[in-house]
Structure formats: structure tokens, C-alpha cells
Amino acid sequence: MTASDEHSRPHVPMRPLWLCRRCGQPWPCGAAKVALLAEYRDDLVSLFLYLASCLHDAIDDLHQLRPSDTGSTAHVFDRFLGWPARHTRSYRLSTRTSLNEEESP
């Protein structure tokens, strides 16, 4: 593999470890998150559905590797589904709007 091949390789998950194939960080790594937000910018529901399916697969894979230590539920949820909610403007706006509507008499 040449240096240019390594730089063009995408930040995708290496299963069953769920580490990034390119940088070795827990997937989705920072670069993968940026790429996913760009790819799904016009269809955030599909992003959440894709990440939910990844979450399901990761739980199964990680449990098979280490049945006694799959991590906390909150950590695994945040790793796959928590971050896009914090980084997508439309989600933050719709959440604020919903909260404001609930507070109105």
C-alpha cells in the first residue's frame, strides 16, 4: 500500500472490533462523523437509521468478543446515536421548538 492509498482510504468500521480501519479510533471516529454528516446532510432520518443498525451490529459483535465487558449502555448509545443529535442544527432547532410548544399554555 502506498502513502496515497492510505490517505484515500475512508474512515469505515473494522468489524467485529468496531475500530476505524484508517485511524484505529473507536468508530465512528471524528473523521467518520464529519463524513457521515456531509453524506446524510439532506436526510438525517436515514443517518439515524443507519447508525441505529450499526449500533445493533456493534452490540452483537462486541458482546461475542467480550461477553463480560460490552461497555455501558449510555456510552454505546452515545457513541453511535448521541453525537449526531448534538451536531445537527435541524435536530437542535426541532427539539427546542418542541420544548417551547410543550411549555406554552
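**Notebook: charges, rings and odd peptides**

I started with Arg86 and Asp78, whose side chains form a salt bridge with N and O 2.5 Å apart. For this I count a side-chain nitrogen of Lys or Arg within 4 Å of a carboxyl oxygen of Asp or Glu. Arg86 is partly exposed at 45% relative accessibility, and Asp78 is partly exposed as well, at 32%. My cut-offs here are under 20% relative accessible area for buried, over 50% for exposed, and partly exposed in between, with a 1.4 Å probe and protein chains only.

A note on the ground rules: this is a predicted model, so local features need pLDDT of at least 70 and side-chain atom pairs count only at pLDDT 80 or more, while totals for chains, interfaces and linings use all residues. Residues are numbered from 1 along each chain as its sequence is written, and side-chain values use heavy atoms, leaving out hydrogens and water.

**Entry: the Arg15 network**

How many salt bridges does a search of the whole structure find? I get three. One of them joins the side chains of Arg15 and Asp57, at 3.6 Å from N to O. Arg15 sits in the loop between strand 1 (13–14) and strand 2 (19–20), and Asp57 in helix 3 (residues 44–65), so this pair ties together parts that are 42 residues apart in sequence. For these elements I use DSSP runs numbered from the N terminus: helices are H or I with at least four residues, strands are E with at least two.

Asp61 also forms a salt bridge with Arg15, and there the closest N and O atoms are 2.8 Å apart. Asp61 belongs to helix 3 and Arg15 to the loop between strand 1 and strand 2, so the pair ties together parts that are 46 residues apart in sequence. I then checked burial: Arg15 is partly exposed at 43%, Asp57 is partly exposed at 27%, and Asp61 is buried at 12%. Shared partners join Arg15, Asp57 and Asp61 into one salt-bridge network.

**Entry: Arg79 without a partner**

Next I looked at Arg79, in helix 4 (residues 73–87). Which side chain of opposite charge is nearest to Arg79? I found Asp78, 9.5 Å away, so to speak out of reach: Arg79 is buried yet has no salt bridge. In this search Lys and Arg count as positive and Asp and Glu as negative, with His and the chain ends not counted.

What I did find is a polar contact: the side chain of Arg79 reaches the backbone oxygen of Trp18 at 2.4 Å. The rule is a pair of N or O atoms within 3.5 Å; within protein, one must be able to donate a hydrogen and the other to accept it, and residues adjacent in sequence count only if both atoms are side-chain atoms. Leaving out residues up to four places away in sequence, Arg79 touches Trp18, Pro26, Trp27, Pro28 and Leu62, where contact means heavy atoms within 4.5 Å.

**Entry: backbone oddities**

I went on to the backbone. Most residues other than glycine have a negative phi, and most peptide bonds are trans. Where are the cis bonds I noted? One joins Arg15 and Pro16, with omega about 10°, and Pro16 is in the loop between strand 1 and strand 2. Another runs from Trp27 to Pro28, with omega near 0°; Pro28 is in the loop between strand 2 and helix 2 (30–39).

Trp18 has a positive phi, near 60°, though it is not a glycine. I place Trp18 in the loop between strand 1 and strand 2, and it is buried at 2%.

**Entry: rings**

Last, I counted four aromatic pairs. The rule takes rings of Phe, Tyr and Trp (its six-membered ring) with centres within 6.5 Å; planes under 30 degrees apart are stacked, over 60 edge-to-face, and the rest tilted. Trp18 and Phe80 have ring centres 5.6 Å apart and planes at 80°, so they are edge-to-face. With Trp18 in the loop between strand 1 and strand 2 and Phe80 in helix 4, the pair ties together parts that are 62 residues apart in sequence. Phe80 is buried at 0%.

Tyr40 and Tyr50 have ring centres 6.1 Å apart and planes at 20°, so that pair is stacked. Tyr40 is buried at 17%, whereas Tyr50 is partly exposed at 29%. Ring pairs also link Trp18, Trp27 and Phe80 into a cluster.
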